[in-house]
There are 4 protein chains.
Amino acid sequence: MTNTTPSLFDRLKAAVADDWTAYTGHAFVRQLGLGTLPEAAFRHYLGQDYLFLIHFARAYALAAYKTTDLAEMQRAVASVDGILNTEIALHIDYCQGWGLDEAALAALPEAEATMAYTRFVLECGLAGDSLDLYVALSPCVVGYGEIGAALAAEPAAVSATVGKGNPYASWIEMYAGPDYQQVAQAAVAQLDHLAALRLTPARFDALCQTFRRATQLEADFWHMGLTLAP
Amino acid sequence: MTNTTPSLFDRLKAAVADDWTAYTGHAFVRQLGLGTLPEAAFRHYLGQDYLFLIHFARAYALAAYKTTDLAEMQRAVASVDGILNTEIALHIDYCQGWGLDEAALAALPEAEATMAYTRFVLECGLAGDSLDLYVALSPCVVGYGEIGAALAAEPAAVSATVGKGNPYASWIEMYAGPDYQQVAQAAVAQLDHLAALRLTPARFDALCQTFRRATQLEADFWHMGLTLAP
Amino acid sequence: MTNTTPSLFDRLKAAVADDWTAYTGHAFVRQLGLGTLPEAAFRHYLGQDYLFLIHFARAYALAAYKTTDLAEMQRAVASVDGILNTEIALHIDYCQGWGLDEAALAALPEAEATMAYTRFVLECGLAGDSLDLYVALSPCVVGYGEIGAALAAEPAAVSATVGKGNPYASWIEMYAGPDYQQVAQAAVAQLDHLAALRLTPARFDALCQTFRRATQLEADFWHMGLTLAP
Amino acid sequence: MTNTTPSLFDRLKAAVADDWTAYTGHAFVRQLGLGTLPEAAFRHYLGQDYLFLIHFARAYALAAYKTTDLAEMQRAVASVDGILNTEIALHIDYCQGWGLDEAALAALPEAEATMAYTRFVLECGLAGDSLDLYVALSPCVVGYGEIGAALAAEPAAVSATVGKGNPYASWIEMYAGPDYQQVAQAAVAQLDHLAALRLTPARFDALCQTFRRATQLEADFWHMGLTLAP
């Protein structure tokens, strides 16, 4: 056995285990895996996720500003570019399949849960340093990978319903797929890279608070979808 | 006839009249005026208001950073100083009367409504300019003056209950009193000062959106108090 | 003839005409056009320009953060991406032809002129809004186009020396070429786009001061190259 | 006696010893101690120091924004307040004795050395965290205390010339005096407070670079005074 040092991500997740479970095992997620999620809930979620992505692109742009390390800047800009020019385009395509065209997306009012989550992340990055910012980003980036992989691995849930035609199968496949899994792993590695530079024992509690809050805001985001909250 | 030009604040308030009424006429406010607000609700509100004030002080510090005009900087710093060294101290005294000591205040977890409101304001100021920031601050600063004055002027509500001993009379008197009314008027004047420098017709809609969101977040803050929401 | 409204860029340039001439007609530029610039001066300039580009990429990343308009964000990110993944790569190739490899570039100490210019631009963008930031960026982006075009149009200078083999001909051609001219024109259009949204008469003087300082810092940058200043 | 752990400030100073000596032993400083500094140089320095203080107040306001620790916020705001409402007032009084009234000060163009130094410090604080910001501020705050104390302790220089009436004696006394020495010591303690929270071995080199640059920019500031540079 080798590398026994847990990643910073794993340490943070372990420190907020209850909140992590409430996020990754949220009713929205379970119903999505079973294919029983109401379509209106998924559509509400999709629209807000579009608005969310715009602010997430801003967060990576902020991360690019906050470094002078060329390789780190290139990774951050690749994330912005990936969101703005690939992910948002895919999202727009995907939403059209659910009856939401680009004009409809652009005209959506921002839900409170979307606003609360995105501004929290951005403000973390401005008040703090790159490590604070990437910790705030990580429950989303890495959590979606974990959720996708978990749903894809549940034969009783997904494969059965896929047989019946789980309408959310392509969503699950995307996040379970190797491309997204690599994005999630790169985010874990980026956190460890920054931790090697900037993590002190004295900062761990504050980073846990940031991570916990971002995790709770992810759960709120599912809740917003499920309840069609404005 | 005299000054017929409405202030920017009045224009913004008129543009979001429904949300403004929902904020200033919230059940929390009405019950506070009638003296019927549950003490637990008031205590929950007070504790979160303490945390809120810390972030509001940060917002004025940010405003001080964002200008090189000495008089504007001095006004912003007077606000920070007023919050940190007077208002928070008064707040701590006041809270002790309600059974919350300073250690209890400092240990309070931040409610979601507190977090959402304060990070929204701060991020407005970082992404935009001073005008964006002061617009986001104004529903709180000016609205409390309006609420205090309105409650103090309702004989059927306040004076009767004060006769019976409205437990919130001193809160109402503080915001209705001449010192706070002057703070609120200065905030209106500060907005007009910035508008003269930086307001274009093309920005009005975006400023309305900022003002509307901040007003909604104020209403959410009352709701959090009333429902004891975490 | 129609469109008689001058661009904001032209108004700013006219307002600081002396400084603009001192920048675009600097001895470094004239000697570069004549092919008489000492190679050591050019090499010193090239190395510092590499460091400069990294901070300019940060400035466009900051601009991307500071907007929620998707099209504006995409333009800003295209600039970051262009600098980080095309311009810097070209720069590294170009520098190798002048005996500076990538490791040498990365190890260069930042000259004072480089530091002063880049931090001024970034801080403008953080204290102010997008208009302040793009005004601070414009003397570089648009000025290089103007300098390239002017040098390419001087037969007595360039073509003669190119005949003799002006060693800086490819530099001139790059900035005089259609690709870069389009970048410069897009920057002028972007300023007018922002001016339509955010320019008031009251802001013009402050924007002129920003533009003048950035123009002077460009002249200082040439001076640094010419004098090999650290 | 024990405490053998050097302060972070002492470690940084030791790491850039040559630059530190060039700053604290600059010709401007030596001539000031001997009373031989041309009055025009001192007057130029004084005027720029006024502009410098405004930006330093902004830097402490930024530091107040960047924390949620109430005590740290209060210390930062006390610094802003001290600069804006005491130091600048004293400065204005002092300048009047040298023939510079407040209107003259406010109308001064900002010298390049003033601009370069202040924007560097502010941008450090925005790109990085509080530790980056306070390290960038420390050569000024602590260095002036060291310079004042050193000049006051040179009998051959100061006391003799004070006997003859060193025109700069009151400047020296101010920085050598117990009030300012306490300010300098508090700045050293604040750095150690932040270092305990956020310093890793991996950050030391980058902090040294920040400290070195700020120290060089202080020397440039003296040079600007001595040469009357615009």
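## Where chains B and D meet

In this predicted model, chain B and chain D bury about 1,900 Å² between them, with 76% of that area coming from carbon and sulfur atoms. Buried area here is the accessible area (1.4 Å probe) that two parts lose on being put together, summed over both. On the side of chain B that touches chain D, the elements giving two or more residues are α4 (39-65), α5 (70-97) and α7 (112-127) of chain B. Helices are DSSP runs of H or I with at least four residues, numbered from the N terminus. By class, this side of chain B has 15 nonpolar, 5 polar and 2 charged residues; Ala, Val, Leu, Ile, Met, Phe, Trp, Tyr, Cys and Pro count as nonpolar, Asp, Glu, Lys and Arg as charged, and the others, Gly among them, as polar.

Each partner is easy to tally: 22 residues of chain B and 22 residues of chain D take part in the contact, meaning heavy atoms within 4.5 Å. The rule finds 0 salt bridges across this interface, a salt bridge being a side-chain nitrogen of Lys or Arg within 4 Å of a carboxyl oxygen of Asp or Glu. There are 8 residue pairs in polar contact, both residues at pLDDT 80 or more. A polar contact is a pair of N or O atoms within 3.5 Å; within protein, one must be able to donate a hydrogen and the other to accept it, and residues adjacent in sequence count only if both atoms are side-chain atoms.

## Where chains A and C meet

Let us turn to the other pair. Chain A and chain C bury about 1,900 Å², 76% of it on carbon and sulfur atoms. Chain A's side of this interface draws two or more residues from each of α4 (39-65), α5 (70-97) and α7 (112-127) of chain A. That side has 15 nonpolar, 5 polar and 2 charged residues.

## Helix α2 of chain C

In α2 (residues 17-24) of chain C, the residues C:D19, C:W20, C:Y23 and C:T24 are buried, that is, under 20% relative accessible area, with exposed meaning over 50% and partly exposed in between (1.4 Å probe, protein chains only). These four lie on the same side of α2(C) because they cover an arc of only 120° around the axis, taken from the directions from the helix axis to the C-beta atoms.

The face turned away from the buried side carries the exposed C:D18 and C:T21. Among the elements covering the buried residues of α2(C) are α1 (8-15), α3 (27-34), α8 (130-152) and α12 (204-227) of chain C.

## Reading notes

Residues are numbered from 1 along each chain as its sequence is written, and chains are lettered from A and ligands numbered from 1 in the order in which they are written. Local features need pLDDT of at least 70, side-chain atom pairs count only at pLDDT 80 or more, and totals for chains, interfaces and linings use all residues, while side-chain values use heavy atoms, leaving out hydrogens and water.
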